[in-house]
Amino acid sequence: MRKLLYRILAGWFGYTGTNPNPESSVPLNTGRDADLHRKLQSRMRLYTFLADHEQAVIRDFVRQFYEGKHVYAHPDITDVEDALLVIAANAALVGAAQKTHCFSSVKWLYLCADDLDVDGDAYESSTVRLDSDLCVEESRHPRPGENLVVHEFSHILDAQFGLSSSTPGLREGFERYVDDIQQGRWVPIADCFTDTAAIEPLFDSPDAAFHTDVEFFATASEAFFTNARELRQYNPELYADLSSIYGLDLADLDWQAIWNA
Ligand SMILES: [Zn+2]
C-alpha cells in the first residue's frame, strides 16, 4: 500500500503544480429553493425519480455541503458550478441519511480534468479528487454500476464509521462477490479489479489488493444507487443492509426509464 500512497501524494503535488491558488476556491451559489430544484431536475437523473421529501433532503444537504471545504478546480473545467452542484447532490445520496455532518472531514476537494491516472480517489477522510466531466456525465446519464461520486464518498463514510464488513449482509456479500468474480459469473457490482486496472502495476499482487472489503463496499454502493433492482435480486441481504445504511429503498424505481435518459 505504500506505493499507492506515494503515487497519490506525487499526483497531488503534481496537480498543485498546475497552479490552482486559494482564489480558485469556489463557493456554490444554490439560490432559491425552486431554482435549486430545477437545476437538480436537469442535472441529476435519479433526483427526478425520488419522492418529494427525499428531494428536499438532497437540497438541504447540497446547501451546507461546501461549508469549510477548499475547492480547487482545474483551469480547463468550464462550468465549475455545474460540477459542484452535481458532486454535492450525489454525495447527498451517500451522506444525507447520516445523523452527523459526515463529510465535514473532507477539507479539500479537487475537480480534475484529464490529469489523473484514475477517475478519482479519496485520501483518508480529508481529500477527494474527482474527474469533473465524469461526475457530470454520470449524474445526467446514469449507467448501471457507475457513479464516481458515490464511490469516493462511500469510502469517506466507510473510513469514518467502519462500515465495510460491518454487517452479515456485507460480510457474506463480499465473500460471494469474490467467488462470483473468480468463477466468471455475472454480478451487478463492478469488478473493483478491472476498474482499477490503470494502477495495477503499482501492486505486486493487484488481485488481492483490489478485491478487498473496502473496495467492495464502494462498488456495491455504486450498484445500490445505479442498479438497485438487480442488486436486490442478486443479493437481498446485501441490498437490505445498504438500504438501511443509506436510508433509501430504490429497488422498485423504474430503472429502465432512469437509464434511458
Ligand atoms: Zn475505491
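The paragraphs below go through a predicted model of one protein chain, from its confidence to its helix packing, its core and a few single residues.

The chain has 261 residues, of which 39% are buried. Its secondary structure consists of 13 helices and four strands. Among contacts with a sequence separation of 6 or more, 71% join residues 24 or more positions apart.

Confidence varies along the chain. The average pLDDT is 86, and 83% of the residues score at least 70. Over residues 1–24 the pLDDT stays under 50, and the model gives this stretch 17 contacts beyond four places in sequence. Residues 195–207 also have a pLDDT below 50, with 14 contacts in the model beyond near neighbours in sequence. Where pLDDT is low, the predicted coordinates should not be read in detail.

The interior can be approached through its nonpolar residues. The largest nonpolar core has 68 residues, and Val62, Ile87, Ala88, Ala89, Ala91 and Ala92 are those with the most contacts inside it. Helix α4, residues 80–95, supplies the largest share of this core, with 11 residues. For Ile87, the contacts outside its neighbours within four places in sequence are Leu130, Cys135 and Val149.

Helix α4 also packs against helix α2 (residues 33–43), with the axes 11 Å apart and an angle of about 85 degrees between them. At that angle, α2 counts as roughly perpendicular to α4, because the range for this class is 65 to 115 degrees. On the α2 side the contact involves Lys39, Leu40 and Arg43, and on the α4 side Asp82, Leu85, Val86 and Ala89. By class, four of the residues in this contact are nonpolar, three are charged and none is polar.

A second helix pair is α7 (residues 168–182) with α10 (residues 213–226), whose axes lie 10 Å apart at an angle of about 95 degrees. Helix α7 is therefore roughly perpendicular to α10. Leu170, Gly173, Phe174 and Tyr177 of α7 meet Asp213, Phe216, Phe217 and Ala220 of α10. This contact of α7 with α10 is made up of six nonpolar residues, one polar and one charged.

Helix α12 (residues 236–246) brings several of these elements together. Its buried residues are in contact with α4, α7, α10 and α11 (228–234). Buried in α12 are Leu238, Tyr239, Asp241, Leu242, Ser243, Ile245 and Tyr246. Just after α12 comes Gly247, with a positive phi of about 65 degrees.

Positive phi values also occur in residues that are not glycine. Glu124 has a phi near 45 degrees and sits in the loop between β3 (120–123) and β4 (127–131). Glu124 counts as exposed because it has 11 C-beta neighbours inside 10 Å. Ser165, in the loop between α6 (148–161) and α7, has a positive phi of about 60 degrees. Ser165 is classed as partly exposed because 18 other C-beta atoms lie within 10 Å.

The last residue to consider is Asp60, which is found in helix α3 (residues 52–65). Asp60 has 14 C-beta neighbours inside 10 Å and so counts as partly exposed. Asp60 and Asp33 are 27 residues apart in sequence, and their C-alpha atoms are 9.2 Å apart in space.

Terms used. Residues are numbered from 1 along each chain as its sequence is written. This is a predicted model: local features need pLDDT of at least 70, side-chain atom pairs count only at pLDDT 80 or more; totals for chains, interfaces and linings use all residues. pLDDT is the predictor's confidence in each residue, from 0 to 100. Two residues are in contact if their C-beta atoms, placed from the backbone, lie within 7 Å. Axes are lines fitted to C-alpha atoms, for helices over the stretch in contact, and angles run from 0 to 180 degrees between N-to-C directions. Helices (H or I, at least four residues) and strands (E, at least two) are DSSP runs, numbered from the N terminus. Angles under 35 degrees count as roughly parallel, over 145 as roughly antiparallel, 65 to 115 as roughly perpendicular and the rest as oblique. Ala, Val, Leu, Ile, Met, Phe, Trp, Tyr, Cys and Pro count as nonpolar, Asp, Glu, Lys and Arg as charged, and the others, Gly among them, as polar. A nonpolar core is a set of buried Ala, Val, Leu, Ile, Met, Phe, Trp, Tyr and Cys residues joined through C-beta atoms within 7 Å. A residue is buried if 20 or more other C-beta atoms lie within 10 Å of its own, exposed if 12 or fewer, and partly exposed in between; C-beta atoms are placed from the backbone.
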